[in-house]
Amino acid sequence: MSRNVTVGLVQMDCVLMDKEKNLNKMSEYLEEASSKNVDIICFPEMCTTGYSPDLIKGKYLDLAEEPDGETFKLLSEKAKKCQMYIAAPIVLKGEMPGVLYNGLIMVGKDGALMGTYNKTHLWAGERFWFRAGCDYPVFKTEFGNVGMMICYDGGFPEVSRILTLKGAELILCPSAFPIWDKDMWDIYFASRALENGCFVAGINRVGTEGSCQMFGDNKIFNPRGKKLAEAPMYEEALLTCTIDLEEVAFYRENEVVYLRDRRPETYGAIAQLY
């Protein structure tokens, strides 16, 4: 028995600090994804606002939203119309006034807010504006369990391993990855997929903010670390790929047996500071 799911990975050029234009573009991608029978779609990091801490600075405070704010309300209607799960990375307000997160909202295909994820590993200037998250939620859908991480999180094997141990079979990593680190981009997701015997996808922006050029190149890997699909460089695109989550259990039992052969009793040093 298969558990097929069609994944949609959006690489778009986000207009800096223009939420309306970005939401309009996201709506167009959702319509395109619906025509291709996508089951779950993921947009790149900070897709509604643009990314750069050096350029946006304190204006994040004006751009941030409650989880059930403006972006959610639009995507909720789209999710119901398109019968699609939507992962939308946005600047989120914390419960305390002035506390912001580089986070995302997960919208169910019934239009409900399934929950949020806040980036746990902040990169460079992000630390001046955002608080790091502490939790690793896994979102349950009718086709399987989906974990989320954001950009720099993908370089920490602990993140995807925790998501895996919590049941994730598909892990999505929305990003705003610069061209000078493309060698790292080409390593991250195959490694995380192989280590955990699950499907892993990287979702990157395109476009330029200041001196930072982002290059797209969205890609998805199977539980053996084999690349299944890849989008072009430097172009806006919707990459779609149909995967069978039933393969996760097969690979973990027969080919990629790292989880079975783990020895957690020897791993105490992992929790120590470097």
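A pocket here is an open set of points, on a 1 Å grid over the protein atoms alone, where a 1.4 Å probe fits, with protein on both sides within 12 Å along at least five of seven lines, and its lining residues have an atom within 4 Å of a point. The model is predicted, so local features need pLDDT of at least 70 and side-chain atom pairs count only at pLDDT 80 or more, while totals for chains, interfaces and linings use all residues. Residues are numbered from 1 along each chain as its sequence is written, and side-chain values use heavy atoms, without hydrogens and water.

**Pockets**
- The largest pocket has a volume (the space filled by probe spheres set on the points) of about 410 Å³.
- Among its 23 lining residues, Y51, W123, P178, W180 and C212 are the closest to the centre of the largest pocket.
- The second largest pocket has a volume of about 200 Å³, and α5 contributes the most to its lining, with five residues.
- Two or more residues of the second largest pocket's lining come from each of α5 (157-165) and α6, helices being DSSP runs of H or I with at least four residues and strands runs of E with at least two.

**Sheet**
- An open sheet of mixed pairing is formed by six strands in the order β5-β4-β3-β2-β1-β14, where two strands pair if DSSP finds at least two bridges between them.
- Its edge strands, β5 (113-118) and β14 (237-244), each pair on one side only.
- Strand β4 (residues 100-107) pairs with β5 in the antiparallel sense over five bridges, and V107 stands opposite L113 in β5.
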